[in-house]
Amino acid sequence: MPYVELRDGESAESLITRFRVSVQRSGILRELKDRRFFRSKGEKARAAAQRALRAMRRRQRRQLDRSPSRPEARPVTARAHWSAPTP
């Protein structure tokens, strides 16, 4: 369980912010959402495989975008999908 202590001269807002960050980092809420409904081992394995595939594709795409051998090499943007230029 995340625990924060009040520092000297710290406001309640910053204390709450630090607590919220520590809860986020600990992963408690993610685990709670994950356990909300029952998921079989097969479902968990399929979801893990899909996550791994997405991560691999993302790594490959970023590596391609940063490759100096490509003449149109460009910095990675926040957009995850390709869209055709509008005429």
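Which residue forms a salt bridge with Asp 34? Keep that in mind as you go through these close-ups of a predicted model; the reply comes in Figure 4.

**Figure 1. The whole protein is built from three helices and zero strands.** Follow the chain from the N terminus and the elements read α-α-α. There are 87 residues here, and buried ones make up 7% of them. As for the outside, the protein exposes about 8500 Å², with carbon and sulfur atoms supplying 56% of that area.

**Figure 2. Here we zoom in on helix 1, which covers residues 12-26.** Its 15 residues reach 21 Å from the first C-alpha to the last, close to the 21 Å expected at 1.5 Å a residue. Look just after helix 1 and you'll meet Gly 27, which takes a positive phi of about 85 degrees. Val 21 also has its place in helix 1. Is Val 21 buried or exposed, or something in between? Its relative accessibility is 36%, so Val 21 counts as partly exposed. Now find Pro 2: Val 21 and Pro 2 are 19 residues apart in sequence, while their C-alpha atoms are 9.4 Å apart in space.

**Figure 3. Glu 10 and Arg 18 join their side chains in a salt bridge.** Side chains of opposite charge can pair when their charged atoms come close. In this pair, the N to O distance is 2.8 Å. Glu 10 has a relative accessible area of 16%, so it counts as buried, the cut-off being under 20%. Its partner Arg 18 is partly exposed, because its relative accessible area is 23%.

**Figure 4. Two more salt bridges come into view, one between Glu 31 and Arg 35 and one between Asp 34 and Arg 39.** So there's the reply to the opening question: Arg 39 is the partner of Asp 34, with the closest N and O atoms 3.8 Å apart. For Glu 31 and Arg 35, the closest N and O atoms are 2.9 Å apart. How open are these four residues? Arg 35 is exposed, at 64% relative accessible area. Glu 31, at 41%, is partly exposed. Asp 34 is partly exposed too, with 42%, and Arg 39 counts as partly exposed at 29%. A search of the whole structure finds three salt bridges.

**Figure 5. Five residues make a nonpolar patch on the surface: Met 1, Phe 19, Ile 28, Leu 29 and Leu 32.** The patch has an area of about 540 Å². Which helix gives the largest share of the nonpolar patch? That would be helix 2 (residues 28-34), with three residues. Ile 28 lies in helix 2, and its relative accessible area of 35% makes it partly exposed.

**Figure 6. A group of arginines gathers in a patch of positive charge on the surface.** Look for Arg 51, Arg 54, Arg 57, Arg 58, Arg 59, Arg 61, Arg 62 and Arg 66. Pick out Arg 61 as an example: this residue lies in helix 3, which covers residues 41-66. Where does Arg 61 stand in terms of accessibility? It counts as partly exposed, because its relative accessibility is 41%. A patch member needs over 30% relative accessible area, so Arg 61 clears that bar.

Terms used
Residues are numbered from 1 along each chain as its sequence is written. This is a predicted model: local features need pLDDT of at least 70, side-chain atom pairs count only at pLDDT 80 or more; totals for chains, interfaces and linings use all residues. Side-chain values use heavy atoms; hydrogens and water are left out. Patches are made of residues with over 30% relative accessible area and no salt bridge: like charges are joined within 9 Å, nonpolar side chains (Val, Leu, Ile, Met, Phe, Trp, Tyr) within 5 Å. Accessible areas come from the Shrake-Rupley method with a 1.4 Å probe; for residues, only the protein chains shown count as cover. A salt bridge is a side-chain nitrogen of Lys or Arg within 4 Å of a carboxyl oxygen of Asp or Glu. Lys and Arg count as positive and Asp and Glu as negative; His and the chain ends are not counted. The place of a charge is taken as NZ of Lys, CZ of Arg, CG of Asp or CD of Glu. Helices (H or I, at least four residues) and strands (E, at least two) are DSSP runs, numbered from the N terminus. Buried means under 20% relative accessible area, exposed over 50%, partly exposed in between (1.4 Å probe, protein chains only). The expected span of a helix is 1.5 Å times one less than its number of residues.
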